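Could you walk me through this model in my viewer, one selection at a time? I would like to know what to pick next and what I will find there.

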4 protein chains.
Amino acid sequence: MDEHIYETVKKFISSFYRDNPFVQYLHIKVSAIEPEQVRLDIDIAHEHTNVYGIAHGGVLMTIADTAMGAACLSHNKRVVTLDCSTSFIKAIPEGQHVYAIGHVVHDGSRTMVCESDIFDEKGTLYAKAHGTFFVLKQFVGED
Amino acid sequence: MDEHIYETVKKFISSFYRDNPFVQYLHIKVSAIEPEQVRLDIDIAHEHTNVYGIAHGGVLMTIADTAMGAACLSHNKRVVTLDCSTSFIKAIPEGQHVYAIGHVVHDGSRTMVCESDIFDEKGTLYAKAHGTFFVLKQFVGED
Amino acid sequence: MDEHIYETVKKFISSFYRDNPFVQYLHIKVSAIEPEQVRLDIDIAHEHTNVYGIAHGGVLMTIADTAMGAACLSHNKRVVTLDCSTSFIKAIPEGQHVYAIGHVVHDGSRTMVCESDIFDEKGTLYAKAHGTFFVLKQFVGED
Amino acid sequence: MDEHIYETVKKFISSFYRDNPFVQYLHIKVSAIEPEQVRLDIDIAHEHTNVYGIAHGGVLMTIADTAMGAACLSHNKRVVTLDCSTSFIKAIPEGQHVYAIGHVVHDGSRTMVCESDIFDEKGTLYAKAHGTFFVLKQFVGED
């Protein structure tokens, strides 16, 4: 990808998530955008938990899906999720900070395959997702 | 299941979700609990949407996962999600009311398999999820 | 679908699987083709088993995937599988006869979502799969 | 894992797949067993193909599932597959040689999460699977 387009894509992704109501409502932050992957961060607060006092699976699936969609955007592709599948590995207690890395496994012209891992700062893996995405169009045009 | 236990299970599920911070934060309501399935309702409000003005996939995965977990509870089993996979079929615009039906496909002693469909009142299908759940223990004891 | 096209589709599906080397190699038979679903049958023979003497998961995933692809064909759509996810519910011993029903959950113009259940003649459920399919083109043309 | 147990595990895995009828029937070979991952190889022959002359999805799901089960065995755990989900990325023509690498993502006492990638010798990725496995018991005892 052209350097100029890439810079435009990065700015676009930041505003894309600043203007995303559900991502804002869950206090998810876009921390890093690289050509191959995107990082999103979240502090597990009380409103993210279930009755057991751990992060609700829906929070983890949301951040994983968002990180994968953002990874597609970092490839200059605007997509919709066709299928998202998440394996839950370890419970995340309230107060814990975690982040999701989304990266592209297959960058097809019509569909993309992505993965996302949710880690804490020590590198403990809490969940792993993969998804299939339908490519709508390029995010930033070439002209 | 014994009639008396079933009534206790129903009360337990209602309070279970009333005391579930993330389910509350997303304004998801438990509408019906039957031995075979559970229904959860949601009005897609602005905070549930993404930049396209449609329900974020994370909202749908949350309500589907919750409906499946509740269906396990309706079988008097307390579970954790091992894996949840969702197919997104149709976009849900802001302002739309939808509901998720969760039901148990396989009621094993150690693992359960569930499904959840998300419909509107006209019966249009928006998403379909399935999940594998690990059985922790009975929800309501026999004594 | 026009009656004449439907009859042509049915004949096409039969020959489609008669000429399918892997389906033949596994002795899978197409038993019924209806607009909404397709049924495939298999006798679990020694070559289908694993070291435990039960059907290898790969056999079940093969018949489920094939039944879903055939269900797409019964809608006059030629597809490729994007993603296939299978839940294994009950072991199938050598000598058991089972069949897979594939049906279409979402018949989109670009992607389709299907499900498949594997039963024995008593209706016991052994496995359940769902998949996302990419539509290549119509199977039988309108001229 | 104790060196002696590991050597026993390796021998066990080799015989495990030599005595596995479906793995034999598909001419899948166990090529390498390491503590973290297992490699299985296959030549896509005519009997592995579908009507398009490419490897049937069932062949890829079989080798992926087998590689993941073998990776669990390499951790000295005997497992059954609960759920297996595969993304198909690129068609494999008849005559192509491919291999599957299975590795363990989460080595739990009761469930394991694994992944498998299918590559050719140039490193092209054809498919990617992940699965959840239920731990039955240790493969090789400590006595």
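## Start with chains C and D

This is a predicted model, so please keep that in mind as you click along. Select chains C and D together: a rotation of 180° with 0.0 Å of shift along its axis superposes chain D on chain C, with an RMSD of 0.0 Å. That is the relation of a two-fold axis. Put in general terms, two copies of a chain are related by a rotation about an axis and a shift along it.

To find the axis from the side of chain D, pick D:Ser85. Of the residues of chain D, D:Ser85 comes closest to the rotation axis, with its C-alpha at 2.0 Å. The same surface serves both copies, as 100% of the contact residues of chain D recur in chain C.

## The contact between C and D

Now colour the contact residues. You should have 28 residues from chain D and 28 residues from chain C. On the side of chain D that touches chain C, helix H2 (21–25), helix H3 (57–74) and strand S3 (77–88) each supply at least two residues. Which element of chain D gives the largest share? S3(D) does, with eight residues. By type, the residues on this side of chain D divide into 10 nonpolar, 14 polar and four charged.

Next, select residues 77–88 in chain C and show the backbone. This is strand S3 of chain C, and five bridges join it to S3(D), the two running antiparallel. For one pair to look at, label C:Asp83, which stands opposite D:Ser87 in S3(D).

## Over to chains A and B

Hide C and D and bring up the other two chains. Here 28 residues of chain B are in contact with 28 residues of chain A. On the side of chain B that touches chain A, helix H2 (21–25), helix H3 (57–74) and strand S3 (77–88) of chain B each supply at least two residues. S3(B) gives the most to that side, with eight residues. The residues on this side of chain B comprise 10 nonpolar, 14 polar and four charged.

Zoom in on strand S3 (residues 77–88) of chain A: five bridges join this strand to S3(B), and the two run antiparallel. Label A:Asp83, and you will find its bridge partner, B:Ser87, in S3(B).

## One chain on its own

Now show chain A alone as a cartoon. You can pick out three helices and six strands, and from the N terminus on they run α-α-β-β-α-β-β-β-β. Rotate the chain to view its principal axes, along which the C-alpha trace spans about 50 × 25 × 25 Å. The radius of gyration of chain A is 15 Å, which agrees with the value near 15 Å for a compact globule of 143 residues.

Colouring by burial shows that buried residues make up 51% of the 143 residues in chain A. If you draw the contacts with a separation of 6 or more, residues 24 or more positions apart account for 65% of them in chain A.

## Last stop: helix H3

Select residues 57–74 of chain A. This is helix H3, with 18 residues, reaching 26 Å from its first C-alpha to its last, close to the 26 Å expected at 1.5 Å a residue. Is H3(A) buried or exposed? In H3(A), 18 of the 18 residues are buried, so this helix is largely enclosed by the rest of the structure. While you look at the side chains, remember that an α-helix has 3.6 residues a turn, so residues three or four places apart point the same way.

Finish with A:Asn76, which follows H3(A) and has a positive phi, near 65°.

Notes:
Residues numbered from 1 in each chain as written. Chains lettered and ligands numbered in written order. Predicted model: local features only at pLDDT ≥ 70, side-chain atom pairs only at ≥ 80, totals over all residues. Helix = DSSP H or I, 4+ residues; strand = E, 2+ residues; numbered from the N terminus. Expected span 1.5 Å × (residues − 1). Buried ≥ 20, exposed ≤ 12 C-beta atoms within 10 Å, placed from the backbone. Contact = placed C-beta atoms within 7 Å. Nonpolar A, V, L, I, M, F, W, Y, C, P; charged D, E, K, R; others polar. Pairing = 2+ DSSP bridges. Rg over C-alpha atoms; globule rule 2.2 N^0.38 Å. Least-squares fit on C-alpha atoms with pLDDT ≥ 70 in both.
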